[in-house]
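Let's take a walk through this model and see what holds its parts together. Have the structure open while you read.

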Amino acid sequence: MRTILERPKAITRKQVIADHRATETLVAPFEELAQRSHYLIRKPMPAFESNGQRYTLPRYLFLGPKGGGDVIRIGIFATLHGDEPEGALALTRLVAALEKNPDLAQGYALFIYPVCNPTGFQDNTRHSRAGVDLNREFWIGSPHPEVQALETEVWTHAFHGIVTLHSDDTSHGLYGYVNGAVLSEHLLEPALRAAEIYLPRNRRRTIDGFPARRGVIYSSYDGVLRSPAGLNQPPFEITLETPQRAPLHLQVEAFAAALQTILLEYRYLMAVAQNI
Ligand SMILES: [Zn+2]
């Protein structure tokens, strides 16, 4: 995986927070790439207001080269907790890698939401400016505009897969949650293995208060960003967590490696399923 990635810049988390106080700065690499890319399209979502200021949730669409079958729609979400910009940075890394090797995204339409909590990001807080943990608000009739906008995205695009990126300052290693389709765990395991090139896995029996096996948690909090309950064919749902105290560039690499592995593995599993 290393060979296809550019050499990471050694930057610290503190620098990122200082440099990227505005969402616009954090997503600048997407904007820049979208101007010259054949694959990346900017699709900003409608604005909302908070304390008299206008905010938008940035959204980008990476349309890979045509594949054999139906287009596979994946939603990738980051910085739902405003003090976790690591995921947004990792997504700039991912699109740069895909731009260089578009075949990695063959057959995919990737819907990328790098900053799901722009007010929290601006304030460097986990919660949004309304004082809410947005990742406990999904599908409970939340009045918060960020949640409503993201619910609409999840509902209307009917994603085949949902991947959410988080960073946990209480974990010494990588781990993840699986929900939705059964094959989620068959995607998370190789994704964690690919990410382990950069950072260790959290192998504790209990992580974040949940029982865990080899860094995989099979349950979740209520109200997390996922598909609505009761779908006939739920998407695969994976939440990736990096250890937030680890060097930032290693978290970025770990996320990018995990995401690329999920794309490869899912396409492979779909191809196998079609041949059964
Ligand atoms: Zn988080």
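Start with the charged side chains: Glu 189, Arg 193, Glu 196, Arg 201, Arg 203 and Arg 214 are joined in a network of salt bridges. Bear in mind that this is a predicted model.

One link to zoom in on is the salt bridge between Glu 189 and Arg 201, with N and O 2.9 Å apart. Glu 189 sits in helix 7 and Arg 201 in the loop between helix 7 and strand 9 (206–207), so this pair ties together parts 12 residues apart in sequence. Glu 189 is buried, at a relative accessible area of 16%, and Arg 201 counts as buried too, at 5%.

What about helix 7 itself? It covers residues 184–195, and its end C-alpha atoms are 16 Å apart, which agrees with the 16 Å its 12 residues should span. Of those 12 residues 9 are buried, so helix 7 is largely enclosed by the rest of the structure. Among the buried ones are Leu 187, Leu 188, Pro 190 and Leu 192, along with Glu 189. The cover over the buried residues includes strand 8 (175–180), strand 11 (216–217), strand 12 (236–243) and helix 8 (248–275).

Helix 8 turns up again elsewhere. The whole structure has 13 salt bridges, and in one of them Glu 253 meets Arg 93. Since Glu 253 lies in helix 8 and Arg 93 in helix 4, that pair ties together parts 160 residues apart in sequence. Both Glu 253 and Arg 93 are buried.

Here are three of the bridges, side by side:

| Salt bridge | N to O distance |
|---|---|
| Glu 253 and Arg 93 | 2.7 Å |
| Glu 189 and Arg 201 | 2.9 Å |
| Arg 136 and Asp 133 | 4.0 Å |

In the last row, Arg 136 is partly exposed, with a relative accessible area of 25%, whereas Asp 133 is buried at 12%.

Now for the metal. Which residues hold the zinc ion? The protein donors are His 81 (ND1), Glu 84 through two OE entries, and His 166 (ND1), at 2.0 to 2.4 Å from the ion. Along the chain the donors follow the spacing H-x2-E-x81-H. His 81 is in the loop between strand 5 (72–78) and helix 4 (86–100), and His 166 is in strand 7 (residues 161–168), so the two histidines tie together parts 85 residues apart in sequence.

Why is the zinc arrangement irregular? The 4 donor atoms subtend angles of 56 to 144°, and a tetrahedral call needs all angles between 85 and 135 degrees. His 81 is buried at 4% relative accessible area, and His 166 is likewise buried at 4%.

Note on methods: Residues are numbered from 1 along each chain as its sequence is written. This is a predicted model: local features need pLDDT of at least 70, side-chain atom pairs count only at pLDDT 80 or more; totals for chains, interfaces and linings use all residues. Side-chain values use heavy atoms; hydrogens and water are left out. Donors are N, O and S atoms within 2.8 Å of the metal (3.2 Å for Na, K and Ca); water is not among the atoms, so sites may look incomplete. Four donors count as tetrahedral if all angles lie between 85 and 135 degrees; four count as square planar and six as octahedral if opposite donors are over 155 degrees apart and all others between 65 and 115; anything else is irregular. Helices (H or I, at least four residues) and strands (E, at least two) are DSSP runs, numbered from the N terminus. Buried means under 20% relative accessible area, exposed over 50%, partly exposed in between (1.4 Å probe, protein chains only). The expected span of a helix is 1.5 Å times one less than its number of residues. Contact means heavy atoms within 4.5 Å.
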